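Please open the structure in your viewer and keep the selection tool at hand. The tour proceeds from the whole chain to single side chains.

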Amino acid sequence: MIPTVPEITTMDRVALLAAWSDLFGRPAPKNISQSYLRRFIAFEVQTRRAGGLPKTLVRQIQAAASRPSRRDAEPAAGGRLLREWNGLTHVVEVTGEGYRWNGEDHRSLSAIARAITGARWSGPRFFGLIGDRPR
């Protein structure tokens, strides 16, 4: 049974988890907060009662999902990359030919990351351009 929005506001965690399973056909993600469960379920109930998301919005979401992430993009010339390492903030300027760090030109971010850390790092990963930032 699909709950109404007023019912959702008074449900306890067990009822919210059951409503999630009824709506989506699978269990809710682990450690999801009650507040988020309420908001997500209420949005889904309202959307379904309105006949679903507008087709233009669905197309926009699909188009955005198929575009490459800006996080994976190459930094543009004139940009600056900042990275804190061992209490020091390192600033790298992106140039047309490569990168400038500590007054010296470098062809790759990996060379700069290696100079900063003394270890072999992926430069784009070290500066947070791809994947998870290093810990």
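Accessible areas are obtained by the Shrake-Rupley method with a 1.4 Å probe. On that basis, the protein chain of this predicted model exposes about 9500 Å², and carbon and sulfur atoms supply 53% of that area.

**The whole chain**

Begin by displaying the entire chain as a cartoon. Six helices and four strands are present in the protein chain. Followed from the N terminus, the elements run in the order α-α-α-α-β-β-β-β-α-α.

Next, rotate the C-alpha trace. Along the principal axes, the trace spans about 65 × 35 × 20 Å. The radius of gyration of the protein chain is 23 Å, whereas a compact globule of 135 residues would have one near 14 Å. Of the 135 residues, 28% are buried. Consider also the contacts between residues at least 6 apart in sequence: 29% of these join residues at least 24 apart.

**Helix 3**

Select residues 34-49, which form helix 3. This helix has 16 residues and reaches 22 Å from its first C-alpha to its last, close to the 22 Å expected at 1.5 Å a residue.

Now colour the buried positions of helix 3, namely Leu37, Ile41, Ala42, Glu44, Val45 and Thr47. Against which helices do the buried residues of helix 3 pack? Their partners are helix 1 (5-10) and helix 2 (13-24).

Show the side chains of glutamate 44 and arginine 48, which are joined by a salt bridge with an N to O distance of 2.8 Å. Side chains of opposite charge can pair when their charged atoms come close. Because glutamate 44 and arginine 48 are four residues apart in helix 3, about one helical turn separates them. Glutamate 44 counts as buried because its relative accessibility is 17%, and buried means under 20%. Arginine 48, at 38% relative accessibility, counts as partly exposed.

Move on to glycine 51, just after helix 3, where phi is positive at about 90°.

**Strands 1 and 2**

Select residues 80-85, which make up strand 1. Which residues of strand 1 lie on its covered face, and which on its uncovered one? Leu81, Arg83 and Trp85 form the covered face, while Arg80, Leu82 and Glu84 form the uncovered one. In a regular strand the side chains alternate between the two faces of the sheet.

Add strand 2 (residues 88-94), which pairs with strand 1 in the antiparallel sense over six bridges. To inspect one bridge, select leucine 81 and its partner in strand 2, valine 92. Then look at the hairpin of these strands, which has two residues between them; there asparagine 86 takes a positive phi near 50°.

**Strand 4 and its surroundings**

Finally, select residues 104-106, which form strand 4 and include histidine 106. Is histidine 106 buried or exposed? Histidine 106 is buried, as its relative accessible area is 15%. Leaving aside residues up to four places away in sequence, histidine 106 touches Gly98, Tyr99, Trp101, Ala111 and Ile112.

Beside histidine 106 in sequence, select aspartate 105 together with arginine 100. These two residues form a salt bridge, with their closest N and O atoms 2.5 Å apart. Aspartate 105 counts as exposed at 57% relative accessibility, whereas arginine 100 counts as partly exposed at 32%. The salt bridge count comes to two.

Methods
Residues are numbered from 1 along each chain as its sequence is written. This is a predicted model: local features need pLDDT of at least 70, side-chain atom pairs count only at pLDDT 80 or more; totals for chains, interfaces and linings use all residues. Side-chain values use heavy atoms; hydrogens and water are left out. The expected span of a helix is 1.5 Å times one less than its number of residues. Buried means under 20% relative accessible area, exposed over 50%, partly exposed in between (1.4 Å probe, protein chains only). Contact means heavy atoms within 4.5 Å. Two strands pair if DSSP finds at least two bridges between them. The radius of gyration is taken over C-alpha atoms; the globule rule is 2.2 Å times the number of residues to the power 0.38. A salt bridge is a side-chain nitrogen of Lys or Arg within 4 Å of a carboxyl oxygen of Asp or Glu.
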